[in-house]
Amino acid sequence: MNYKLINLNIFGDNRGKLAVVEGNKDIPFEIKRVYWIFDTLPDQERGKHAHRDLEQIIVAMDGACQFVLDDGIKRETVWLNRPDTGLYIGKNMWREMRHFSYGCKLMILASRHYDEKEYIRDYDEFIKIINEK
Ligand code: T46
C-alpha cells in the first residue's frame, strides 16, 4: 500500500504549537501546490479517484474525516483527525474521503501542479491500469 502516516515536526511551548513541513526533507517530494478543503458536510463523499503521477500529504487542520485507500488489491481505512499528523498518499492509490465532521478542514501539499489528465476517476479503469503494471 503506497501510503503512510507521518508525524510532523511540532514545536510546542506555553504559547501553543507550531507544525512545519519542508519539501524534500520532511516529506519525499518538492511541494508544487497547496490547496485546502473546507465547509465539508458529513453526508458528502469526496475523492473517488487515483493519480497516475501525483504524491500528496494531507493534514486535517481541524475536525476529522475518514480516508479509504485502495491499491487495487487491498482496501484500508484511516482516520485523519490531528493537525500534527500527515497522510502521505503516493501514486496509483484509489482514495475516497467520507464521514467528514462539520467544518472539517483539510490542507493538502502536492508534488505537481493541477492536471486533470493525470486523474483516474473511473474505478474499473484504475483496476485495469494496476493490472497492466
Ligand atoms: C485529492 C483529494 C484529497 C482545481 O481546479 N485545481 C486543484 O488543484 C484541485 C485539487 C481541484 N480543482 C478543481 C477540479 C474540480 O472541478 O476543483 C474541483 C473539485 O476537485 P475534486 O472533485 O477533485 O475534489 P476532491 O476533494 O474529490 O479531491 C481533491 C483533489 O482533487 C485530489 O487530488 O487527492 O482532494
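**From a loop histidine through strands, cores and pocket**

Histidine 99 sits in the loop between S10 and S11. The model is a predicted one, and this loop residue is a convenient place to enter it. The phi angle of histidine 99 is positive, about 55°, although the residue is not a glycine. Most residues other than glycine have a negative phi. With a relative accessible area of 45%, histidine 99 is partly exposed. Asparagine 92 shows a positive phi as well, about 55°, and is likewise not a glycine. Its place is the loop between S9 and S10. Asparagine 92 has a relative accessible area of 15% and is therefore buried, the limit being under 20%.

Two residues in strands lead on from histidine 99. Tryptophan 79 belongs to strand S8. Not counting neighbours within four places in sequence, tryptophan 79 is in contact with Ala64, Cys65, Gln66 and His99. Tryptophan 79 counts as partly exposed, at 45% relative accessibility. Between its C-alpha atom and that of phenylalanine 126, which is 47 residues away along the chain, the separation is 23 Å.

Glutamine 66 is part of strand S7, which covers residues 65-70. Beyond four places in sequence, the contacts of glutamine 66 are Thr77, Val78, Trp79, Glu96, Met97, Arg98 and His99. Glutamine 66 counts as buried because its relative accessibility is 8%, and buried means under 20%. The side chain of glutamine 66 has a polar partner: a contact of 2.7 Å joins it to the side chain of arginine 98.

Cysteine 65 raises the matter of disulfides. How many disulfides does a search of the whole structure find? The search finds zero. Cysteine 65 is in no disulfide, and the nearest cysteine sulfur, that of cysteine 104, lies 4.7 Å away. Cysteine 104 is in no disulfide either, its nearest cysteine sulfur being that of cysteine 65 at 4.7 Å. A disulfide requires the sulfur atoms to be within 2.5 Å, so a separation of 4.7 Å does not qualify. Cysteine 65 is buried, with a relative accessible area of 0%, and cysteine 104 is also buried, at 0% relative accessibility.

The nonpolar interior comes next. In soluble globular proteins, nonpolar side chains tend to be buried together. Here the largest nonpolar core holds 17 residues, and Ile58, Phe67, Leu69, Leu87, Ile89 and Leu106 have the most contacts inside it. At least two residues of this core come from each of strand S6 (56-62), S7, strand S8 (75-80), strand S9 (85-89) and strand S11 (105-110). Which element gives the most to this core? That element is S7, with three residues. Residues up to four places away in sequence aside, phenylalanine 67 touches Ile58, Glu76, Thr77, Val78, Leu80, Leu87, Ile89, Arg95, Glu96, Met97 and Leu106. Another core, of eight residues, lies apart from the largest one and includes Leu8, Phe29, Val59 and Leu109.

From the cores the text turns to open space. Rolling a probe the size of a water molecule over the atoms shows where empty space is left. The largest pocket contains about 220 Å³ of space. It is lined by 15 residues, of which Tyr35, Ile37, Gly47, His49 and Met97 are the closest to its centre. Two or more lining residues come from each of strand S4 (33-37), strand S5 (46-51), S6, strand S10 (94-98) and S11. Among the elements, S5 gives the most to the lining, with four residues.

Histidine 49, one of the residues closest to the pocket centre, gives a route to the helix. The C-alpha atoms of histidine 49 and tyrosine 123 are 7.2 Å apart in space, although the two residues are 74 apart in sequence. Tyrosine 123 lies in helix H1, residues 123-132. Where does the side chain of tyrosine 123 make a polar contact? It does so with the side chain of aspartate 70, at 2.7 Å. Leaving out neighbours within four places in sequence, tyrosine 123 is in contact with Asp70, Arg75 and Trp94. Tyrosine 123 counts as partly exposed, at 30% relative accessibility.

Methods:
Residues numbered from 1 in each chain as written. Predicted model: local features only at pLDDT ≥ 70, side-chain atom pairs only at ≥ 80, totals over all residues. Heavy atoms only, no water. Buried < 20%, exposed > 50% of the residue type's maximum accessible area, 1.4 Å probe, protein only. Polar contact = N/O pair within 3.5 Å; in protein donor to acceptor, adjacent residues only side chain to side chain. Contact = heavy atoms within 4.5 Å. Core = buried A, V, L, I, M, F, W, Y, C linked by side-chain atoms within 4.5 Å. 1 Å grid on protein atoms, 1.4 Å probe; cavity = no way out; pocket = protein on both sides within 12 Å on 5 of 7 lines; lining within 4 Å. Points joined across faces, edges and corners; volume = space filled by probe spheres on them.
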